Amino acid sequence: MAVTVLCVGKLRERFYADAAQEYLKRLSRLMPTEVVELPDEKEPANPSPALNEAVMRKEGEAILRHIPPKAYVIALCIEGKQLSSEAVAAKLKELFTQGKSDVVFIIGGSLGLHPSVTARADFKLSMSPMTFPHQLARVMLLEQLFRAAKINAGERYHK
């Protein structure tokens, strides 16, 4: 069982990077988790809808190239289903029990995910109807993965 967090863009702010590293360190003893950063495409100064689509398409192509063929893909997108922490834990436990050895979570760039990526997703997950910066979404996802791993290990976690 391996979890990959596939993200567009780097964590440029130190506080985001420090928080992400802390959760990855905590996860390391409970659930193998890897973060793969893909370069984000430069957005034009005055983007048109066509230019935005082109940026999302290029990022989407890079994302799709990095997904293993048999991976179970969970795309983070606002139109996805909202789950409690316990439900995320149950979903992961179910996937691992079913023999899904590669689970890939995808976080898009600042413009979101191209439809080709959401079409590839086996499950769409929403953290909230609110919009968050993708850097913060990464930290929040890693925290929820850590919480899910603690729940599944039968360990106490902060409620």
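This text walks through a predicted model, starting from its sheet and ending with its salt bridges.

The sheet is open and has five strands, paired in parallel and ordered β2-β1-β4-β3-β5. Its edges are formed by β2 (33-38) and β5 (123-126); each has a single partner strand, so one side of each lacks a neighbour in the sheet. From one strand to the next, the twist averages 30°. Within this order, strand β3 (residues 72-82) pairs with strand β4 (residues 102-107) in the parallel sense, over four bridges. Ala75 has Ile106 of β4 standing opposite.

Helices pack on this sheet. Helix α3 (residues 85-97) touches β1, β3, β4 and β5, and its direction makes about 140° with that of β4. Helix α2 (residues 49-65) lies across β1 (2-8), β2 and β4, and runs at about 160° to β1.

Strand β1 can be examined through one of its residues, Thr4. Thr4 has a relative accessible area of 18%; because the limit for buried is under 20%, Thr4 counts as buried. Beyond its neighbours within four places in sequence, Thr4 is in contact with Glu34, Val36, Val103, Val104 and Phe105. Leu24 is 20 residues away from Thr4 along the chain, and the C-alpha atoms of the two are separated by 11 Å.

The charged side chains come next. Across the whole structure, a search finds twelve salt bridges. One of them joins Glu143 and Arg147, with the closest N and O atoms 2.7 Å apart. Both residues lie in helix α5 (residues 134-152), four residues apart, which is about one turn of the helix. Both ends of this salt bridge are buried: Glu143 has 15% relative accessibility, and Arg147 has a relative accessible area of 16%.

Another salt bridge links Lys150 to Glu155, the closest N and O atoms being 3.4 Å apart. Here the partners fall into separate classes, since Lys150 is buried at a relative accessible area of 14%, whereas Glu155, at 27%, is partly exposed. Salt bridges that share partners also join Lys10, Glu37 and Arg138 into one network.

Asp122 and Arg120 form a further salt bridge, with 3.4 Å between the closest N and O atoms. Asp122 is partly exposed, at 40% relative accessibility. Arg120 also counts as partly exposed, at 25%.

How values were computed
Residues are numbered from 1 along each chain as its sequence is written. This is a predicted model: local features need pLDDT of at least 70, side-chain atom pairs count only at pLDDT 80 or more; totals for chains, interfaces and linings use all residues. Side-chain values use heavy atoms; hydrogens and water are left out. Two strands pair if DSSP finds at least two bridges between them. Helices (H or I, at least four residues) and strands (E, at least two) are DSSP runs, numbered from the N terminus. Axes are lines fitted to C-alpha atoms, for helices over the stretch in contact, and angles run from 0 to 180 degrees between N-to-C directions. Contact means heavy atoms within 4.5 Å. Buried means under 20% relative accessible area, exposed over 50%, partly exposed in between (1.4 Å probe, protein chains only). A salt bridge is a side-chain nitrogen of Lys or Arg within 4 Å of a carboxyl oxygen of Asp or Glu.
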